[in-house]
Every structure is written in C-alpha cells, then in structure tokens.
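Colleague: Please take me through one part of this model in detail, strand by strand, and spell out the cut-offs behind each term. I would also like a few words on confidence and on what lies beyond that part.

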Amino acid sequence: MEENKLLEVRNLKKFFPINRGFFNRKVGEVKAVNGVDFSIYQGETLGLVGESGCGKTTLGRAILRAVEPTSGQVLFRTGEGKVVDVTKAEDRQLKKIRKDMQLIFQDPYSSLNPRMTVKDLVGEPLLVNKIARGKGLQQKIIELIEQVDLRPEYMDRYPHAFSGGQRQRIGIARVLSLNPRFIVCDEAVSALDVSIQAQIINLLQELQQKYKLTYLFIAHDLSLVKYLCDRIIVMYLGKIVEIADSEQLFTQTRHPYTEALLSAVPRVDPKRKSSKIILKGEVPSPINPPAGCYFHPRCNYVQEKCRREEPLFRNVGQEGEEHYVSCHWAEQLGPKEVM
Amino acid sequence: METNPEIVFPEKQNPLESEIYLASQWELIWRRFKRHKLAIAGLVILIIIYTMAIFCGFFSPYSPYLYNADYINAPPQTLQFFDQDGFHFRPFVYGYEVSRDPETFRMEYQIDHSKKYPVYFLVRGDRYKLLGIWETDLHLFGVKEGHIFLLGADPMGRDLLSRVLYGARISTSIGFIGVFLSFVLGIGFGGISGLYGGAIDNLIQRMIEFIKSIPSIPLWMGLAAALPQDWTVIQVYFAITIILSLKGWTGLAREVRSKFMSLREEDFILSARLIGASKTRIITQHMIPSFLSHIIAQVTLAIPGMILGETSLSFLGLGIRPPAISWGSLLQAAQNVRTVALTPWLLLPGVFVIITVLAFNFLGDGLRDAADPYGK
C-alpha cells in the first residue's frame, strides 16, 4: 500500500443470506456489496453516492466491520504506520483499530441510548477504552462538549432534551473522544433540517482541519457531496461504477449511470432547459442481479456486449489522473459535462 | 468558534421543561403511569392487600385455627352504628340467637338485638407472631365480649375473615415467588436464545413450544400428585411455586428473546460496539435497561395467572392442603351445591381472588402503556 493511502479496500463483498422454511435453509443471498476496490488517501474527504439500496451503508459498515464482510480485504494504516487487514483483526486488535476508525450515524434519534445522559454518552468511549477516569474524565467530557458547540451545563440532560442537530453534535463528540483518524459519515446530515445541515457540515470541516481527519462521506445529496468532497465514488447495485475527482466527475462524466444521476440534480438556471435523463424501469433486485453489466437493463447506450460481458473496472483518466469507470464504452462515449 | 443559534439559553426555558430534560427513564415512566387512573387504583388496592397479607395476624381478629362448636356456619355479622337509642360513634355487632332445627338438626342463627358487642380498636386477643418473629396479642380490631364474624364462620366455627387474611399470605406471595422464578428462567433462556441465535435458539424455541403444548391442568395435577404426602407445608408451598413457574417462563423467554433480537440491530447498540464496549457492558448497560420496563410490565400481567393457578390447584385438593390456608384451599370448602345454597359466604375468598387478579391486570396494563416513555 502506498505511503499516502490511509485505507485500501480490495474486492470487498458482503452477502446477506436469505433463510427460509422450517430448517432455515439458505435459499439465496442479497448481494449488498458485490466486490468493490478503492483507496482512501490521508486527509481527504471521499464521497460515496448512489440511490437507496445500492449498498452504500453496508459498504461503510463493512469497512469498519460493523457488519462482518463476506470476503475481501480492508487494509488500514494504523497510527504507528503499520498496515493491518481489518477483516482479519482479532477482538483485541479490532478494539485498538476502532479507536482510529469511527462511524457517525444517519439517525441522531436512534443512535444515542435514550437512557443515558449526555455525560455518560460522551464519557462511555473514554471509560471503556480506559482513556480517562475520575476528575480527568469530567474535564475531558466538558472539553468534548465544548468542541462540538454544546453547553457543558446541559451534560446531565438526557438525549430527549435535544433537537436533531444537537443530538448529532452529541454523536460527534462521542466519536471524537477516541481521537480517530478516519470517520465514516453515514448520511450524517440527511436527517436534519437544511439550516442545521450546514452547521453540522461546517463543524465536520472544522474538525477535519483541526485533527487532520479523513472522511468517507456517504450521502445522496449530490450538490452537498460536490461541495464537500475531494473525490467521489458512484455505486450501483453493490458495485462501483465510477470513481473520480469531484470536479472531474461532474465535468467529465464517463458512466451512463453517473450521467443520469447527476442530471437529476436540481439547478437554479432559468435559461437552461431540463435535460433530466429518465431511466427506464426499476433497480434490479440485488438478490438476482442481471448478467453482464449490472446497469444494462436501464442503460440508454446498451449494446449486445453489455448483456453478456461484465465490464472491466479500469482507469481511463488522462495524464496520470485517476478516473476509474466500469463501462465497455467509456472510451468511445467520451467525457460528458453534465453540470 | 462562533456562537451557535441552535442553543437555547436557560432563561428562556420554563422550569417544568428543564425538569423533564433531566428526567431519567424511570421518572418518565412514573409520569406516564400517574396519568393512568385505573392503574393507580390497582396499585393502591394491591398495596392494601399485600399489607394485610404481610401483617395478617394483626389485621385479623382471631387466630385462623381457633374453632368454636357454638358458631358452626355462623352467617356474617354487619357493623352497626344505629340502635333503638340512635347513632353510636362506636360501631357494634349484634349477637346471635342460636337454635337447632328439630327436623334437619341444622343450627339456625337469628340476630339477637339484646346482645350488643361494641367493636374496639387495638384489642388484646389470640397470641400470634408478627412477621413470624415478634410474639404479640395485639389485633387491629375485635370485641371484648361475645364474637365478631364479619365474613361469617366456616363449618368448624372458625372466623372466615381471619382465614382469608391468613390465606392471602400464601395466595398472593405464590404469585410473586413463582413469577420471580419465571423471570429468572425467562431472562436466562430468552437471553441465550436471542443473543446466540442459530442452533441453540432453535433448540430452546422448540423446547418452549413443547412445554407450551402440554395442557396445564393435567400437568399440574400430575406433578402435584407426585409430591410426597409427608412433606411439610413449606416444602409443598415451594414445590407448587416451581410447578406453576415451570410453564410461566416460556412466554417471558420469548419476549426477552425478541427484545434481544431487535435491540441487536439498534443503532445505539452498534454505536456501543464500535466504541469498543465489551459484550457484558453492552448487555448490562444498554440492552437490559432498554427492555427491563417492558419485562416488569409483562411480569405484573403474569402474576394473576400464578394466583389463579394456585387457587385452581388447591381447589382441586392438589395444591396447598389443610391445615395450611390459601384462598384456593378455603374455596375447597365451598365445593358442593349445599354450601353454595346454605352458606354462600364461604365463597367470599373467591371475591378476594377476583379483586387481586383485576388489580394486577389494571396495574400491568398501566405499566405496559408507560413502559416505553420514548415512543410517541
């Protein structure tokens, strides 16, 4: 793994078994994440977009081993510079790694235990990892609460006393207490009001600068991702269809799915005619994905080859740029400017 | 850092709100429970019944074993405040005039207005042991001369009220102890089932289905009949509780299992896992507190089943046997039509069973509604 990479995902798969009947026989699998490869560089914000059910959340959780991956590797560079495979780490090692990689949840209501006060919630990671105790613990909790712009006076209150945005701040303080280097933000702002979203985004950016954090930012709001992320991954049905620099993805779109996805972003421009690309049909079931290119039943450029052969996931970027895409015709179709 | 507009400053809040903000789970449950009037009534009734059961010696006017051949099947006396002279502040009861029917040889009781027995509070009477420790002869009420049978007397001339109060001791505690055993078994098996899943879960679930499919009365009868005849009252009592809870735990185990299974998927449990909390910590600090209130409500609703179980068993003569007293064994005396027709007051222990069961159901209902204060 190269020196500037923090994390590398190799052919990661997560299949959920479907069990039926009296004997709980396995009758099929939901292929939520179906073989993905990508890297995350130190200090960057990597966006992960795709429609609902495409496996974004599962991918994010499989990296942290919040769900057990079916196969593949997740290589992570620890604070000491060692590279470890997260998927093979034992309990004790995993506990250590998890101090470095954390998750911010989408729903600030279900992700905080309603029976614990803010103090207990923020202090729990410090306690279980034996980072602080007694007086030091109290001091550290106050620092963390101030860090996320909440008032320490409120730390004896329960989560039900707070709004969604404030709860998300509590969640961030909880994660921050471990001093992680890599954070997966799983739709961290999509459950919040737009005005609150901006505040949380600002907070996340502030913290990123201050602590040199690396984010994997899972979202479905494309304009937000464009604003926030250095690079963007586009997922479809458990697979990555395109990875590119944020700017490039929007100006030199290569994959027909990305093109359709980006064309759906609402824009404020009265002169511009609506050029939304409407995709045919529904997303196929991840239990039984189509043969060949997964996107072919809905693609506007579909050819015979697409139905038979799975496209190669390859770099089509010019002059050493990284622009990965998985489409047979990426070279022929050429880059498009969607935005 | 700039100030955050989201923050509400304390002076803008009313004190009641901030009190709710500081309220723990149990305080929130209590707040909701208080609004359920019927449940509060149930709670009050149960507190009264249990107090009387615990201090049965003090509340009952006589020893439950004191028999008197002069008062066989004496009917209940009513407390009186008025006589020919008008109102009396001190209540009294009229004595009986006993005669024997020359044809049936039955004792016949007539109210004798010439015999007035005033009722006194805190009188000295039969000796008993309060809570089984302190020996005393103080009773809440009684008469200094004559007799008082507020609920009548049984075929051996024993005071039914005293017997009901002493019977409450066994009948109401059997529910608690039985449910406690069910609770332990239920949380144990349900927890293992829900936490590990897979083959263990399958095995436990099939076992529960098997136990649930056995008809209860024959099972109880079979087990109760197997109890050795020479066992002491205490031994029989515990054996009966175990028999009752043998079936009772199954429903609870399923409840616990489903709670564990749904909680496993909760975000806040995942969050605890990700920050490195140990399995023990997650179970004891996050999972059990999340469903304990539900389980308590569930348990409250299970107690009436236990009380009814004991009553039916003892009624059939298979549970608590005389000389031990329980509501079921008291009802056993009222098994034939003759009793129902001639001495209907012997059915009164049944009324106490009904009141207790209803009170538990109301209480459990209220608890169930209040158990999840974070729902809508």
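Modeller: Happy to; here is a close look at the sheet of chain A, followed by some context.

This is a predicted model, in which local features need pLDDT of at least 70 and side-chain atom pairs count only at pLDDT 80 or more, while totals for chains, interfaces and linings use all residues. Residues are numbered from 1 along each chain as its sequence is written, and chains are lettered from A and ligands numbered from 1 in the order in which they are written.

Let's begin with the sheet itself. In chain A, 8 strands make up an open sheet with mixed pairing, ordered β6-β7-β8-β3-β9-β10-β12-β11. Its edge strands, each pairing on one side only, are β6 (101-104) and β11 (314-315) of chain A. Helices (H or I, at least four residues) and strands (E, at least two) are DSSP runs, numbered from the N terminus, and two strands pair if DSSP finds at least two bridges between them. In general, strands of a sheet pair through backbone hydrogen bonds, either parallel or antiparallel.

Now zoom in on strand β8 (residues 214-218) of chain A. How many of its residues are buried? The count is 5 of the 5, so β8(A) is largely enclosed by the rest of the structure. Here a residue is buried if 20 or more other C-beta atoms lie within 10 Å of its own, exposed if 12 or fewer, and partly exposed in between, with C-beta atoms placed from the backbone. In a regular strand the side chains alternate between the two faces of the sheet. Both faces of β8(A) are covered: A:Tyr215 and A:Phe217 are buried on one side, and A:Thr214, A:Leu216 and A:Ile218 on the other.

Which strands flank β8(A)? In the sheet order, β8 sits between β7 and β3. Strand β7 (residues 182-186) of chain A runs parallel to β8(A), with 5 bridges between them; A:Ile183 has A:Tyr215 as its bridge partner. Strand β3 (residues 45-49) of chain A is also parallel to β8(A), joined by 4 bridges, and A:Leu48 is opposite A:Ile218. The link from β7(A) to β8(A) goes through helix α6 (residues 194-211) of chain A, giving a right-handed β-α-β unit; right-handed means that, with the strands pointing away from the viewer, the path from the first strand over the helix to the second runs clockwise.

Further along the sheet, strand β9 (residues 231-236) and strand β10 (residues 239-245) of chain A are antiparallel, with 6 bridges. Within this pair, A:Ile233 is matched with A:Ile243.

For contrast, consider A:Lys26, which belongs to strand β2 (residues 25-41) of chain A. A:Lys26 is exposed, with 10 other C-beta atoms within 10 Å. Leaving aside neighbours within four places in sequence, A:Lys26 touches A:Pro17, A:Ile18 and A:Asn19, where contact means C-beta atoms, placed from the backbone, within 7 Å. From A:Lys26 to A:Leu207 it is 181 residues in sequence and 45 Å in space, C-alpha to C-alpha.

Finally, the partner chain and confidence. The contact between the chains takes 32 residues from chain A and 23 residues from chain B; α9 (267-274) and α10 (279-315) of chain B are the elements giving two or more residues to the chain B side, and α9(B) gives the most, with 5 residues. Chain B averages a pLDDT (the predictor's confidence in each residue, from 0 to 100) of 81, and 95% of its residues score at least 70. For the model, ipTM is 0.89 and pTM is 0.78.

Key
Contact = placed C-beta atoms within 7 Å.
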